[in-house]
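Work through the exercises below with the sequence and the structure at hand. Try each task before reading its solution.

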Amino acid sequence: MKIYGTESNVYILKELGKRIQDARISMSITQKQLAENAGISASTMERIENGENVKVENILNVMRALSLISNLEILIPEQEVVPSVMLDLGGRKKRVSLKRVKNVEETEWKWGDEP
């Protein structure tokens with residue numbers, strides 16, 4: 001199944017577990033063998049494939065054991081940041097801030113101002 005971004009975390013974990021299971025099976029590796037290669041317990045391997053909540057570190061270990069870890073580059077590509085954009089006029093790092101929205105009480109409304 002495709003993941004579009006509107007699915008719940010539970011659904012995504014189940015799909016991730018299924019994809020890991022499919023990759024393992026296509027490589028003719030048992031759960032126990034993959035667990036040993038990934039340095040995790042067999043029960044943790046089973047929980048991953050069942051889509052249960054596990055540590056991200058365990059999923060990374062399994063991806064590494066399946067030679068899929070480089071796919072993280074596709075998942076979260078490195079962002080190019082222009083150094084001059086990161087500094088303010090004083091040479092300090094800029095911080096991301098939210099634009100301040102005027103409070104309703106701060107704006108004076110008059111008849112005829114409505115859209």
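**Exercise 1: Salt bridges within one helix**

Asp22 and Lys18 are both part of helix H1, 4 residues apart, about one turn of the helix; helices are DSSP runs (H or I, at least four residues), numbered from the N terminus. This is a predicted model, in which local features need pLDDT of at least 70 and side-chain atom pairs count only at pLDDT 80 or more, while totals for chains, interfaces and linings use all residues. Residues are numbered from 1 along each chain as its sequence is written, and side-chain values use heavy atoms, with hydrogens and water left out.

Task: find how far apart the closest N and O atoms of Asp22 and Lys18 are.

Solution.
1. A salt bridge needs a side-chain nitrogen of Lys or Arg within 4 Å of a carboxyl oxygen of Asp or Glu.
2. The closest N and O atoms of Asp22 and Lys18 are 2.8 Å apart, and the pair forms a salt bridge.

**Exercise 2: A salt bridge between helices**

Task: state whether Glu49 is buried or exposed, and which parts its pair with Arg24 ties together.

Solution.
1. Buried means under 20% relative accessible area, exposed over 50%, partly exposed in between (1.4 Å probe, protein chains only).
2. Glu49 has a relative accessible area of 7% and is therefore buried; Arg24, at 9%, is buried too.
3. Glu49 forms a salt bridge with Arg24, with 2.6 Å between the closest N and O atoms.
4. Glu49 lies in helix H3 and Arg24 in helix H1, so the pair ties together parts 25 residues apart in sequence.

Notes: Helix = DSSP H or I, 4+ residues; strand = E, 2+ residues; numbered from the N terminus.
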